[in-house]
Amino acid sequence: MSELTGYLRTDGRKGIRNVVAVAYLVECAHHVAREIAWPHRDRAHVIGFPGCFPNAYAQQMMERLCTHPNVGAVLLVSLGCESFNRYALEKVIRDSGRPVKSLVIQRDGGTRATIRDGQAWIESTVAALAEAPRVPMDVSELVVGTVCGGSDGTSGLSGNPAAGRAFDRLVEAGAACIFEETGELIGCEEIMAARARTPELGDELRAAVAKAARYYATLGYGSFAAGNADGGLTTIEEKSLGAYAKSGASQIAGLIKPGDLPPRGGLYLMDVVPDGEVRFGFPNISDNAEIVEMMASGAHLSLFVTGRGSVVGSALAPVIKIAANPHMYERLAEDMDVNAGRIITGAASLDEVGEEIYRLVLDVAAGAETRSEALGHAEFILTYKSFEPIGPACLPA
Amino acid sequence: MTTTDTRLLLLSDADNVLVARATIEAGETIVVSGTPITLPARVIMGHKLARRTIPAGTPVHKYGAPIGTATEDIAVGEHVHLHNLKSNYTATHSLDAARAGAEGQEP
C-alpha cells in the first residue's frame, strides 16, 4: 500500500506538500504579504492573523501552522507596531529547523521595498524546497480532517456517510482522523458518548456539546445558515445528525482542542467552541476557520462535504471536495473531486463512494492535485478565541 | 409497512418522516405509507414528508433520532419543515420571510 512519500521534519512528522508560508502578523501587513506570494502563489501560501491585540490562542495557532508538516519555510511579514509576538514565533520556526525570515514594513522601507525583499527570498526558497528529498511514508502517519459546509438535506444521506466510510478505512489503517464543530453535533451527544473509548471520555464529549449549546444559545443563532433550510434541513439537531455521519463508525479515541496533536492513530473529536464566558463572537465564522484549526492539529489534508456547493480550498493543506447533491454536482463539477450525489440517484453505493474517497486521499497524499488546488484556492481565516487545556480524561491511554 | 413511492427514502425504521431523493412536482399523486397524496406544492430533493400522523408536541424522528418537536398536527404525506417543526435546542434562522412569495429554490 505504501507508495506514499513525504518531507521529513525535525519533529518526526512528514509533509505531503512543501510550501512556503507567507504569514502576515496583523491585517495592516496583509496586502504586502499577498503581493510577495503572488508570483509563486502555487508554492507560497498566505496565512496570518488580522488582529492588533494579542491573543494566546492566535499565537499558538500561528506557531502550529508555521511548523505544519506541509510547510517547508516561513516568511513573516510584520507592520512593526502590532502586538503579535513575532520574536517568539520566529524562534519556534527556527528551532523546528525551517528557513525563516522576518520582514518589518516600517523598518524595511515601506510597501515596495518589503515586497521586493520578500519576493527575492521566496524566489530562492521555492527553488531550494523543490529539490528537497522525499522519504517513504505510511498511511498511519497521515492526519486527516473532515468538515461539511453549505449543507443541505442530501449531505447527511450521501457525502457525509461516504466520508465516514473513508474515515473508517483510514482509522483501520492507523491514521489519525479528526471530526469537529461541536456546535454542529448538538443533539448527537448521547449516541456519540456511547462510542467513546472510556466512560470518562464519554462525559467529556457530552460536556463539550453542552458547552456548544450554551454558547450558541447566548449568541442567539445555532450553527445553521439560511441555505441549510432551503435545502430541506429544519433544525440544528437534524443538521447535526447528518454532519455526525462524517465520523464513521470507529471508536472515539479522544477529544482534542485546536492545536492539540493526536497522540496516535484513531478517531478524534475536536472541540472548537471557546472556554469561559462568551467572548469574540461566533466560534467559527466560516468553514475555513474549521479547516485552519484542524491544520493546527496537524491535518495533512481535509475532506469537505458540501450539498449547496462550497468552492473553497485551503492554504497549506489540500481539500478534497465531496459533492453530496447530484444537481449541484452538474453545475459545479469543475470544483468537485467526488460526486457522492450518485448515492442519491442510485448510481453508486455508500461503500463504493467511501472506497473512492479513501483512494483519493492516498493519491492526494502522494502528490495528486485536488480541484481546489488546481483552481488556485488557498483560503485562510483565523480569528480571536480562548481555550483552557484539555483534561486528563480526554486522551485515555 | 405499506407501500411508499420509491423517490421517498426511509432512513431508519424508527423514523416518522421520509426524505425526498428527487424533486417531486406539485400536483403529482404519490403513495405515502399506502395513502395516495396529491402534493399541494413542489417537494424539493432533501426535504421531508410525514410518514405517519405526527401529533403537535411530539418528537419528529430522522436517522432514528429526534430532530425536534412538531408545532402542529402533521398529516401523512405533509411537508415537514420550518412551519411545523421546531428545534429542541436553538431556533432556526431562515430567509423565508425576506423571500416571501418567492418559490423554494432548487438545491
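These exercises look at the strands of chain B and at the nonpolar cores of a predicted model.

Local features need pLDDT of at least 70, side-chain atom pairs count only at pLDDT 80 or more, and totals for chains, interfaces and linings use all residues. Residues are numbered from 1 along each chain as its sequence is written, chains are lettered from A and ligands numbered from 1 in the order in which they are written, and side-chain values use heavy atoms, without hydrogens and water.

**Exercise 1.** Work out which strands of chain B form the open sheet, and why one side of strand 1 and of strand 8 is left without a neighbour.

*Solution.*
- Step 1: Chain B has nine strands and zero helices. Both are DSSP runs numbered from the N terminus: helices are H or I, at least four residues, and strands are E, at least two.
- Step 2: Four strands of chain B form the open sheet, in the order 1-2-5-8, with antiparallel pairing. Two strands pair if DSSP finds at least two bridges between them.
- Step 3: Strand 1 (8–9) and strand 8 (79–80) of chain B are at the edges, each with a single partner strand, so one side of each has no neighbour in the sheet.
- Step 4: Check one pair. Strand 5 (residues 48–50) and strand 8 of chain B are joined by two bridges, antiparallel. B:Lys48 has B:Val80 as its bridge partner in strand 8.

**Exercise 2.** Find which residues have the most contacts inside the largest nonpolar core.

*Solution.*
- Step 1: A nonpolar core is a set of buried (under 20% relative accessible area, 1.4 Å probe, protein chains only) Ala, Val, Leu, Ile, Met, Phe, Trp, Tyr and Cys residues joined through side-chain atoms within 4.5 Å.
- Step 2: The largest core has 63 residues, and A:Leu142 and A:Leu303 have the most contacts (heavy atoms within 4.5 Å) inside it.
- Step 3: Helix 14 (residues 350–365) of chain A gives the most to this core: eight residues.

Definitions and conventions: Buried < 20%, exposed > 50% of the residue type's maximum accessible area, 1.4 Å probe, protein only.
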